[in-house]
Amino acid sequence: MTVTAPSEPGSGWDTTARALVQTLQKENLVDKPLPVQNRPGATGAVWLSKMVTANKGDPYQIAVTSTPIMSNSLRGLSKHSYQDVTMIAKLFSEYYTIATTPDSKYKELPDLINAIKKNPKSVPIGAAGDDRLPFSLVVMAAGGDPEKINFVNYEGGGEQTTALLNGDIDAAIAGVSELRGQLVAKKLSGLGVLKEDRLEGDLADIPTAKEQGYDVTLDNWRGVYGPPGMPKDAVKYWQDVLKKAMETKSWQKTAERNQWDTAYLQGKEMNDYLSTTNAELKKALESTGDAK
């Protein structure tokens, strides 16, 4: 059995896959080796295509996924979407965080957004695929033009952090777990989190975008999928195992540390959630001019 993170090490998908496998093994919920492989490319679209075309019916392949499995299709960047695979379960939601370096001239989120409104090309922003959307919504809420933002695409938080520390970009947006280590170590500074209330614990000092005048809240769901035609007994196996994993103390500690909101869904509840989320995402992409 293999778990795939369709991105570079250090990304949100990589963090999710390894945390999940660690929980499954620690709690003795699987009795076979469960390696994690990284297969980056086009924000998950490359591995999604392989799952659809080459792994059809394979009961031993699962992969982590999130919003890009919808947005890549809506943007016209992938011919496949979540409807083309076997969606097994939604695990949790994660919130977007905007960060820069401690020595940046942008000390608060309005400093960054106002600079972008004034001269968009002079402010490179790191974002992995669909992470551009929440940032675009913040700029749009400030009266700026989201189509003029100078985005620099990366595969995940690990690459973005390196780019920030090297001075290649001025700021980045990613899931909080992708930036958490560097934020806690004070190697990065959080400018804002797109959440109704502040994060907890050692990241509670990061203000929300909303309290800084930008009424934007958005979360990124994360889940697990298998190839199309996955046998029903394999689907049930994974759903049973994943549900048990979400209820363990090991996972609860991991979720708390990474600021993940566990919200397990499967079956009809998951399908209804995915359908609603896809429709909302399409509307948001249309508002920023990013929909196909």
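**Exercise 1.** In this predicted model, determine which element holds Q37 and whether Q37 counts as buried or exposed.

*Solution.* Begin with the position in the fold: Q37 belongs to strand β2, which covers residues 36-38. Next take the accessibility, which is 16% in relative terms for Q37; since buried means under 20% relative accessible area, Q37 counts as buried. Finally, once neighbours within four places in sequence are set aside, the contacts of Q37 are T2, V3, T4, A5, W47 and Q61.

**Exercise 2.** Work out how α4 and α5 are oriented to each other, and which residues meet where they pack.

*Solution.* Helix α4 (residues 109-118) packs against helix α5 (residues 132-141) at an angle of about 80°, and their axes are 10 Å apart. Angles from 65 to 115 degrees count as roughly perpendicular, and α4 and α5 are therefore roughly perpendicular to each other. From α4 come L112, I113 and I116, which meet F135, V138 and V139 of α5. The residues of this contact comprise 6 nonpolar, no polar and no charged.

**Exercise 3.** Locate the partners of the salt bridge between E94 and R222, and establish which parts of the sequence the pair ties together.

*Solution.* The N to O distance between the side chains of E94 and R222 is 2.7 Å. E94 lies in strand β4 and R222 in strand β9 (residues 219-226), so the pair ties together parts 128 residues apart in sequence. As for accessibility, E94 is buried at 1%, and R222 is buried with a relative accessible area of 2%.

Definitions and conventions: Residues are numbered from 1 along each chain as its sequence is written. This is a predicted model: local features need pLDDT of at least 70, side-chain atom pairs count only at pLDDT 80 or more; totals for chains, interfaces and linings use all residues. Side-chain values use heavy atoms; hydrogens and water are left out. Axes are lines fitted to C-alpha atoms, for helices over the stretch in contact, and angles run from 0 to 180 degrees between N-to-C directions. Helices (H or I, at least four residues) and strands (E, at least two) are DSSP runs, numbered from the N terminus. Angles under 35 degrees count as roughly parallel, over 145 as roughly antiparallel, 65 to 115 as roughly perpendicular and the rest as oblique. Contact means heavy atoms within 4.5 Å. Ala, Val, Leu, Ile, Met, Phe, Trp, Tyr, Cys and Pro count as nonpolar, Asp, Glu, Lys and Arg as charged, and the others, Gly among them, as polar. Buried means under 20% relative accessible area, exposed over 50%, partly exposed in between (1.4 Å probe, protein chains only). A salt bridge is a side-chain nitrogen of Lys or Arg within 4 Å of a carboxyl oxygen of Asp or Glu.
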